[in-house]
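Here are a few notes to read alongside the model. Have the sequence and the 3D view open, and take the points in order.

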Amino acid sequence: MKTAVIGGTGLAALGGESQPAAASAQTPYGLASALPRQAAGFPGAVFLNRHGDGHLSRAREHAHTANALLPHEINYRANLWLLRELGVDAVAAVFAVGGIASGHRDGDMVLPRQIIDYTWGRAHTFHGGTDAPVQDSGIRFADFGEPFDPALRQTLADAAERAGLAVRDGGVYGCTQGPRLETAAEIDRMERDGCTLVA
């Protein structure tokens, strides 16, 4: 299995020496956020920073660099297309999120089971649409009833346990449009909807 880790705020690189894993970030869907990188200490895995190569953690630098991509500017289709072209068959995306459920504390690692997508105006599929550079015939529907792969979730939980990390297994990730953070009323609504995490 070849795995990709998609990072961003709080995880801008895997650390150590790395080299580009692709010659170009160009895809049929436009430019990916960054060139995926192969870290020396992580064979069989590549890393892609969703906010671009120049993104730095706000906690560390209190600012974005000039080429940082805001959440609504990220070309998700290009990122995934490029990773697929590199032979990636499993993706673990790391997010800095807010906890809605009582009992969540700063620094908790959570593996959600479900997602509620509150985003709008984004391309949500590779199939169909007049803007799709790769056209296919027929109508395609994607099963999204179980959005997070159970086998990969278990692999991540097992790895965290071996590393001595406490993991909260389960929950509902509420994905918002960004970059504006949510109002208190919106968080109340998301909690009523069943969300336990928000970003």
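1. Let's start at a helix end. D149 caps the N-terminal end of α3, with one of its side-chain oxygens 3.3 Å from the backbone nitrogen of A151. Keep in mind that this is a predicted model.

2. Now the helix itself. α3 covers residues 150–162, which makes 13 residues. From its first C-alpha to its last, α3 reaches 18 Å, close to the 18 Å expected at 1.5 Å a residue.

3. Which residues of α3 are buried? They are L152, R153, A157 and A160. Looking down the axis of α3, you'll find these buried residues within an arc of 140°, so they line one face of the helix. An arginine is on that list, by the way: R153.

4. What do the buried residues of α3 pack against? Three strands: β7 (90–93), β9 (109–111) and β11 (167–169). Turn to the other side of α3 and you'll see A151, E161 and R162, which are exposed. So A151 turns up twice in these notes, because its backbone nitrogen is also the partner of the D149 cap, and because it sits on the exposed side of α3, away from the face that the buried residues line.

5. Just past the end of α3, have a look at G164. This glycine takes a positive phi of about 80°.

6. Next, a residue in another part of the chain. T27 belongs to strand β3, residues 26–27. Is T27 buried or exposed? T27 counts as buried, because its relative accessibility is 6%, under the 20% cut-off.

7. The surroundings of T27 are worth a click or two. Setting aside neighbours within four places in sequence, T27 is in contact with A78, W81 and L82. Its side chain also reaches two backbone atoms: the nitrogen of Y29 at 2.9 Å and the oxygen of G30 at 2.7 Å. As for P133, it is 106 residues from T27 along the chain, yet the two C-alpha atoms are separated by 9.7 Å.

8. Last, the cysteines. How many disulfides does a search of the whole structure find? Zero. Take C175: the closest cysteine sulfur is in C195, at 10.0 Å, which is too far for a bond, because a disulfide needs the sulfur atoms within 2.5 Å. C195 is in no disulfide either, and its nearest cysteine sulfur is that of C175. Both cysteines count as buried: C175 has 15% relative accessibility, and C195 has a relative accessible area of 3%.

Definitions and conventions
Residues numbered from 1 in each chain as written. Predicted model: local features only at pLDDT ≥ 70, side-chain atom pairs only at ≥ 80, totals over all residues. Heavy atoms only, no water. Helix = DSSP H or I, 4+ residues; strand = E, 2+ residues; numbered from the N terminus. Buried < 20%, exposed > 50% of the residue type's maximum accessible area, 1.4 Å probe, protein only. Contact = heavy atoms within 4.5 Å. Polar contact = N/O pair within 3.5 Å; in protein donor to acceptor, adjacent residues only side chain to side chain. Expected span 1.5 Å × (residues − 1). Arc of directions from axis to C-beta.
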